[in-house]
Amino acid sequence: MDFSTIAGILAGFGLIVLSIFLSAVEPGIYVNLTGLIIVIGGTMAATLVSYPTHELRKISKALANVFHRTEYSIRDDIYEIAQAARFRRHGNLAGIEERLAKIENPFLRTSIQLVVDNTPADEIVNMLQWRIKRLREKERAEAQVFHTMAAYAPAFGMFGTLVGMVNMLYGVNGPDSLNMGHNMAVALMTTLYGVLLANLIFKPVAIKLERRTEKRTMIMRMIVEGAIMLASDRGPIFIRETLKSFSAQYEDELRGSSHSSEDELRASTGKRSLRASPDDNF
């Protein structure tokens, strides 16, 4: 369970409710069924028009991931690659096969299996990078749905405002002042609902999904680097320390403070990884 997601949502709604109770004479006026129907219904309808059904079916699973804390096994992945390098260096392919059966990460398992099968390094890289690209495109498409909903919600809030204003102006010369107040409430509350849904739910969910995808792809790139070094018959210590350096920098790369660190790491290790060094013995 990702408590930051739950805490953020609860804190956001708690702040809104508290501000209403502290400032409003009648807090119940902030509950407007017509406004909710316009904003939520309109956003859902526009999203259904924008995306095919089979893409929207995946949204519930993506939304569940936002509330589920994913544990990334970077140390375990590095350990498994280093162990495979040690077994490979000693010609113990049976040991690698035995370890493969215990690896839960399918991307890591495939990477090591390709090396064990003596697949050319360039083909390994091409295949693994294709899988990374496919995963990134799939998960970014899921996040884009929430970005789209974040754009639709304020738009339908504005639609409700226009509807409320038109109805209010229609009855401005009439005797029913209560009806004018009701229409004015619809006009203002739809805008409020649209802004809240966009900025408290849809946008944060989209950003969290994108951050999750970036973390996953960064780990997968690390595994690709490990597979390249494993195919180049580099020693387990060299592989382990290089991948540790990679994982130590990836948080900074995610924050955008070091966009070039991965390229620098590849530049410093890529060429060396093509040649085995006698100092790499375990």
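The largest pocket in this predicted model has a volume of about 790 Å³. Its lining comprises 29 residues, and those closest to the pocket centre are Glu104, Asn105, Pro106, Phe107 and Arg216. Five helices, α4, α5 (74-89), α7 (106-116), α8 and α9, each supply at least two lining residues. The most comes from α8, with six residues. By class, the lining of the largest pocket holds 15 charged, 10 nonpolar and four polar residues.

The second largest pocket has a volume of about 360 Å³. It is lined by 15 residues. Nearest its centre lie Phe13, Ile16, Tyr30, Tyr193 and Leu196. Helices α1, α2 and α9 each supply at least two residues of this lining. Its class count is 15 nonpolar, no polar and no charged residues. Helix α9 thus appears in the lining of the second largest pocket and in that of the largest pocket.

Enclosed space was also searched. The whole structure contains one cavity of 30 Å³ or more. The volume of the largest cavity is about 40 Å³. Its lining is formed by Ala62, Asn65, Glu139, Glu142, Ala143, Leu209, Arg212 and Thr213. At least two of these residues come from each of α4 (59-67), α8 (121-170) and α9 (177-231). The lining of the largest cavity divides into three charged, three nonpolar and two polar residues.

These features sit in a helical protein. The secondary structure comes to 11 helices and zero strands. Along the sequence the pattern reads α-α-α-α-α-α-α-α-α-α-α. Of the 282 residues, 38% are buried. The accessible surface comes to about 16,100 Å², and carbon and sulfur atoms account for 61% of it. Contacts often span long stretches of chain: among those between residues at least 6 apart in sequence, 79% join residues at least 24 apart.

Helix α7 was examined next. Its buried residues are Phe107, Leu108, Ser111, Ile112, Leu114, Val115 and Val116. They pack against α5, α6 (93-100), α8 and α9. Phe107 is thus buried in α7 and is also among the residues closest to the centre of the largest pocket. At the start of α7, a side-chain oxygen of Asn105 reaches to within 3.0 Å of the backbone nitrogen of Phe107. Asn105, too, is among the residues closest to the centre of the largest pocket. Just after α7, Asn118 takes a positive phi of about 60°.

Asn32 lies in the loop between α1 (3-23) and α2 (33-50). Its relative accessibility is 7%, so Asn32 counts as buried, the cut-off being under 20%. The Asn32 side chain reaches the backbone nitrogen of Gly35 at 2.8 Å. Leaving out residues up to four places away in sequence, Asn32 touches Ala185, Val186, Met189 and Tyr193. One of these partners, Tyr193, is also among the residues nearest the centre of the second largest pocket.

Two further positions lie in helices that contribute to the largest pocket. Thr161 is placed in helix α8. Thr161 counts as buried because its relative accessibility is 13%, and buried means under 20%. Beyond residues up to four places away in sequence, Thr161 touches Ala187, Thr190 and Thr191.

Glu210 is placed in helix α9. Its relative accessibility is 31%, so Glu210 counts as partly exposed, a class that lies between the 20% and 50% cut-offs. Glu210 and Arg140 are 70 residues apart in sequence, yet their C-alpha atoms are 6.5 Å apart in space. With neighbours within four places in sequence set aside, Glu210 is in contact with Ala143 and His147. Ala143 is also one of the residues that line the largest cavity.

Conventions:
Residues are numbered from 1 along each chain as its sequence is written. This is a predicted model: local features need pLDDT of at least 70, side-chain atom pairs count only at pLDDT 80 or more; totals for chains, interfaces and linings use all residues. Side-chain values use heavy atoms; hydrogens and water are left out. Helices (H or I, at least four residues) and strands (E, at least two) are DSSP runs, numbered from the N terminus. Buried means under 20% relative accessible area, exposed over 50%, partly exposed in between (1.4 Å probe, protein chains only). A polar contact is a pair of N or O atoms within 3.5 Å; within protein, one must be able to donate a hydrogen and the other to accept it, and residues adjacent in sequence count only if both atoms are side-chain atoms. Contact means heavy atoms within 4.5 Å. Accessible areas come from the Shrake-Rupley method with a 1.4 Å probe; for residues, only the protein chains shown count as cover. On a 1 Å grid over the protein atoms alone, a cavity is a set of points where a 1.4 Å probe fits but cannot get out, and a pocket is an open set with protein on both sides within 12 Å along at least five of seven lines; lining residues have an atom within 4 Å of a point. Grid points are joined across faces, edges and corners, and a volume is the space filled by probe spheres set on the points. Ala, Val, Leu, Ile, Met, Phe, Trp, Tyr, Cys and Pro count as nonpolar, Asp, Glu, Lys and Arg as charged, and the others, Gly among them, as polar.
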